[in-house]
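Here's a small set of exercises to work through with the model open in your viewer. Try each task before reading its solution.

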Amino acid sequence: MSDRPGDTDAIDYSAVFQALPGMVALLTPDLVYADVNEEFLRMAGRRREELVGRYLFDVFPDNPNDPAATGMRNLAASLRRVLETGERDSMALQRYDVEAPDRPGEWEERYWSPCNAPILGADGKVELLVHRVEEVTELIRARGGPSADRNRVLEAELYTRARELQEVNERLRRAHARDREVALTLQEAMLPAGRQTLHHRAAVRYRPAVGTLNVCGDWYDLVDLVGGHRVGVSVGDVVGHGLAAAGVMGQLRSALSAASRVAEGPAEALDVLGRYAHVVDGAESATAVTTFIDLDHGTLTYSSAGHPPPMLVHPDGRVECLDKATDPPLDAFPDPMPRVQAATTFTSGATLALYTDGLVERRREDIDTGLARLADSLARHREDDPETLADAVLLELLPPGGATDDTALVIVRL
């Protein structure tokens with residue numbers, strides 16, 4: 001281990017944690033104290049053995065003498081949000097009375113300014129919670145001089161406004177959560193059931209964006225085609241969020257599904273969809289890619305309307321990027337133009353992957369980097385069954401804690 005200044009291998013992070021200014025505690029996802037720093041022990045008036053290994057609200061319950069106490073409920077809600085979203089949550093000023101350590105049954109009026117943050121593991125899940133608290137009791141109680149009455153008024157106003165802000169934020173969260181739940185339910189209801197020819201050889205995944213209360217318009221579809229052993233596989237992306245985007249997604253998916261059953265090829269199907277998109281409010285800049293797979297002849301025909309290219313992984317590990325037939329998004333031109341399509345061949349055991357941009361796009365990163373990352377992951381896991389392969393790709397490509405955009409993924413073993 002190096003002792004050079006600035007070498008992180010030489011830093012004693014346990015000592016750093018204990019020396020942190022302010023009250024800091026580490027909690028498990030079950031809200032059990034894993035560790036606390038010295039300042040936490042001093043300000044809480046507790047010994048380490050009274051905290052570590054114990055459930056948070058067994059140590060600090062609400063004041064039983066105050067029926068209006070909400071400190072425990074508010075803190076629990078904040079910690080749940082961090083666990084569910086993987087994002088930091090700063091709380092409004094709280095009154096949270098604490099039982100006097102040396103006077104059981106006596107409760108002290110205390111005011112706190114808490115902030116809770118996640119520590120993510122390699123799998124992107126929350127492993128620990130950082131619970132940081134600033135006690136502001138003395139500030140709230142501050143008195144003195146001729147301005148004492150005015151100070152008390154300002155302090156009361158500050159506390160009242162902070163509580164009102166927290167209540168408004170909580171109502172907004174509940175409203176957005178309901179919108180998200182309805183949109184997800186609608187989205188799941190409109191996505192295809194597993195009754196197609198490729199059902200047992202296909203894996204589909206949909207991951208809503210993390211850190212947002214809205215659902216986007218990503219979709220996928222698998223449909224049996226007329227004539228021979230033929231299947232259509234598509235994915236698409238609607239710009240926007242929430243119920244509106246989910247509704248547009250449902251209209252476009254259904255339209256493409258119907259068009260694919262009667263079209264001569266994927267270009268004609270997207271041409272029909274583009275004409276339809278012109279009369280659908282909210283379909284502006286929507287993208288889609290569709291593939292027609294002929295399992296009897298080992299051919300795959302595809303066409304893209306502004307969408308990231310599918311990947312075809314051959315049994316020998318060669319990855320073919322299907323980018324030879326890419327046109328602008330569905331609603332790009334006032335007068336829809338005939339779209340292009342291209343074809344390729346495959347042998348038994350090849351793997352086809354279709355996806356939306358949430359899987360490969362990252363801020364401040366070239367899209368080619370994300371495409372190369374996807375191709376590498378598909379090639380390395382090509383011998384896995386479709387379900388296992390889909391899970392592996394999502395684990396390797398989505399950032400810890402999840403993506404900031406929705407992600408749809410379809411894996412088909414040909």
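**Exercise 1. Find the residue in β8 that is the bridge partner of W112, then work out how β8 sits among its neighbours.**

Solution. Start with the pair itself: W112 bridges to E135 in β8. Keep in mind that this is a predicted model.

Next, zoom out to the strands. β7 (residues 111-120) pairs with β8 in the antiparallel sense, over nine bridges. Five residues separate the two strands in their hairpin, and G124 has a positive phi there, near 85 degrees.

Now look for β8's pairing with β1. Strand β1 (residues 23-27) runs antiparallel to β8 (residues 126-135), and five bridges join them. One handle on that pairing is V24, whose bridge partner in β8 is R132.

**Exercise 2. Say which residues have the most contacts inside the largest nonpolar core, and which elements feed it.**

Solution. The core holds 25 residues, and the ones with the most contacts inside it are Y33, F40, L51, L56 and F60. At least two residues each come from β1, β2 (33-36), α2 (38-44), α3 (56-59), α4 (71-85) and β8. The top contributor is α4, with four residues.

Then take F60 as a probe. Skipping neighbours within four places in sequence, F60 is in contact with Y33, F40, A44, R46, L51, Y96 and V98. There's also another core lying apart from this one, with 24 residues, including L312, L322, F346 and L352. As background, nonpolar side chains in soluble globular proteins tend to be buried together.

**Exercise 3. Describe helix α9: its span, its cap and what covers its buried residues.**

Solution. First, the span: α9 (residues 367-380) has 14 residues and reaches 20 Å from first C-alpha to last, close to the 20 Å expected at 1.5 Å a residue.

Second, the cap: at the N-terminal end, a side-chain oxygen of D366 lies 2.8 Å from the backbone nitrogen of D368.

Third, the buried residues: these are G370, L371, L374, A375, S377, L378 and A379. Their cover includes β14 (311-313), β15 (319-321), β18 (351-355), α10 (386-397) and β19 (407-413).

**Exercise 4. Decide whether T351 and A92 are buried or exposed.**

Solution. T351 sits in strand β18. Its relative accessible area is 1%, so T351 counts as buried, the cut-off being under 20%. Leaving out residues up to four places away in sequence, T351 touches M311, L312, V313, R382, L389, I411, V412 and R413. With R413 there's a polar contact between side chains, at 2.9 Å.

A92 is in the loop between β3 (89-90) and β4 (94-95). Its relative accessible area is 15%, which is under 20%, so A92 is buried too. For a distance check, A92 and N74 are 18 residues apart in sequence and 9.5 Å apart C-alpha to C-alpha.

**Exercise 5. Work out where the pLDDT falls below 50, and put that beside the chain as a whole.**

Solution. The chain averages a pLDDT of 82, and 79% of its residues score at least 70. Over residues 143-147 the pLDDT is below 50, and this stretch has three contacts in the model beyond near neighbours in sequence. Where pLDDT is low, predicted coordinates shouldn't be read in detail.

For the whole-chain view, there are ten helices and 19 strands, and buried residues make up 46% of the 414 residues. Of the contacts with a separation of 6 or more, 62% are between residues 24 or more positions apart.

Methods. Residues numbered from 1 in each chain as written. Predicted model: local features only at pLDDT ≥ 70, side-chain atom pairs only at ≥ 80, totals over all residues. Heavy atoms only, no water. Expected span 1.5 Å × (residues − 1). Buried < 20%, exposed > 50% of the residue type's maximum accessible area, 1.4 Å probe, protein only. Contact = heavy atoms within 4.5 Å. Polar contact = N/O pair within 3.5 Å; in protein donor to acceptor, adjacent residues only side chain to side chain. Pairing = 2+ DSSP bridges. Core = buried A, V, L, I, M, F, W, Y, C linked by side-chain atoms within 4.5 Å. pLDDT = per-residue confidence, 0-100.
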